[in-house]
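Please work through the following exercises with the sequence and the model at hand. Each task is followed by a worked solution.

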Amino acid sequence: VFPLYFMFVVATRSNDAIGGLPPVLSPGGQLAENVQRLLDNADAHFLRGLANSVLVSGSVTVAVVLFSTLAGFTFAKLPFRGSNVLLLTIIATMAIPLQLGLIPLYILMVKLGWVGDLKAVIVPFLVSGFGVFMMRQYSASAVSDELIEAARVDGCSTLRIYWNVVLPAVRPAAAVLGLFTFMQTWNDFLWPYSVLNQDQPTVQLSLATLSSGYYSDFAQIFAGTALATLPLLLVFVLFGRQI
């Protein structure tokens, strides 16, 4: 907890606080001034980066939860020919790191004309192999076959069974998956750095711009970092209890 607390302390003080001996441990009164300098920094585009990160992380999280719960329900309760092979193939994608596919994926974005566009950081991550595997395991144990059969007897279609029976049953796991996905997407730096530009950044690229000059304004950097951390804390407060 201390690094987070010290980040907020420096965000409320001048740059002298970062090198003070003994360290300054109490908040100051310069938060508004530091935030104003941050917002006035034309190179960082911080508010645009913050808004882009909310859009990207929210879109990816909703899509991953939706597709993962659908696929997990299908693999767990709707057996079909070749399902085990397909599931193993999906799990195998988890073994391929992003760094290994970075160049081919970038070439694909160039061919699609998506470089510099938010689609490039949203579309490739709308489905998660980990999410599918996690929801498959949870659906297999949380949703009984008898419950599904009872819904069919009552005349429910497969999609209605998913929406009215399966989704409420897997809600805790879906919330945890959403929390992990949002945090991972929000903190992602390498791929956005590869395909986006300074005029269309995510919040992590905006923070990197603040740190890339010859002189590091730590009060401004930590003020930006503190603001960038608040959405994560809010999401954790809302969904963390599902863990």
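The exercises below concern a predicted model.

**Exercise 1. The nonpolar cores**

Task: Determine how many residues the largest nonpolar core has, and which helices supply at least two residues each.

Solution.
Step 1. The largest nonpolar core has 32 residues. Those with the most contacts inside this core are Met109, Val121, Ile161, Val166, Trp191 and Val195.
Step 2. At least two residues of this core are supplied by each of the helices H3 (46–77), H5 (98–112), H6 (119–122), H7 (129–142), H8 (145–153), H9 (158–169), H10 (171–187) and H11 (190–195).
Step 3. The largest share, 5 residues, comes from H3.
Step 4. Leaving aside residues up to four places away in sequence, Met109 touches Trp114, Val115, Ala120, Pro124, Trp191 and Val195.
Step 5. A second, separate core of 21 residues includes Val10, Ala11, Ala44 and Phe182.

**Exercise 2. Two residues, two settings**

Task: Is Ser53 buried or exposed, and what is the sign of phi at His45?

Solution.
Step 1. Ser53 has its place in helix H3.
Step 2. Buried means under 20% relative accessible area. The value for Ser53 is 2%, so Ser53 is buried.
Step 3. The contacts of Ser53, not counting residues up to four places away in sequence, are Gly58, Trp186, Thr202 and Val203.
Step 4. His45 is placed in the loop between helix H2 (31–40) and H3. With a relative accessible area of 22%, His45 is partly exposed.
Step 5. The phi of His45 is near 50°, a positive value in a residue other than glycine. Most residues other than glycine have a negative phi.

**Exercise 3. The salt bridges**

Task: State how many salt bridges a search of the whole structure finds. Then describe the pairs formed by Asp217, Asp145 and Lys119.

Solution.
Step 1. The search of the whole structure finds 3 salt bridges.
Step 2. In the pair of Asp217 and Arg37, the closest N and O atoms are 2.3 Å apart. Asp217 lies in the loop between helix H12 (203–210) and helix H13 (218–239), and Arg37 lies in helix H2, so this salt bridge ties together parts that are 180 residues apart in sequence. Asp217 is buried, at a relative accessible area of 12%, whereas Arg37 is partly exposed, at 29%.
Step 3. Asp145 pairs with Lys77, the closest N and O atoms being 3.0 Å apart. Since Asp145 belongs to helix H8 and Lys77 to helix H3, the pair ties together parts that are 68 residues apart in sequence. Asp145 counts as partly exposed at 47% relative accessibility, while Lys77 counts as buried at 16%.
Step 4. Lys119 forms a salt bridge with Asp117, with the closest N and O atoms 3.2 Å apart. Lys119 is partly exposed at 35% relative accessibility, and Asp117 is partly exposed at 30%.

**Exercise 4. A nonpolar surface patch**

Task: Identify which residues make the nonpolar surface patch of about 580 Å², and locate Phe130.

Solution.
Step 1. The patch is made by Met94, Phe130, Phe180, Met183, Phe236 and Ile243.
Step 2. Phe130, one of these residues, lies in helix H7.
Step 3. A residue needs over 30% relative accessible area to be part of a patch. Phe130 has 39% and is partly exposed.

How values were computed:
Residues numbered from 1 in each chain as written. Predicted model: local features only at pLDDT ≥ 70, side-chain atom pairs only at ≥ 80, totals over all residues. Heavy atoms only, no water. Core = buried A, V, L, I, M, F, W, Y, C linked by side-chain atoms within 4.5 Å. Buried < 20%, exposed > 50% of the residue type's maximum accessible area, 1.4 Å probe, protein only. Helix = DSSP H or I, 4+ residues; strand = E, 2+ residues; numbered from the N terminus. Contact = heavy atoms within 4.5 Å. Salt bridge = Lys/Arg side-chain N within 4 Å of Asp/Glu carboxyl O. Patch = residues over 30% accessible without salt bridge, like charges linked within 9 Å, V, L, I, M, F, W, Y side chains within 5 Å. Areas by Shrake-Rupley, 256 points an atom, 1.4 Å probe, with all protein chains shown as cover.
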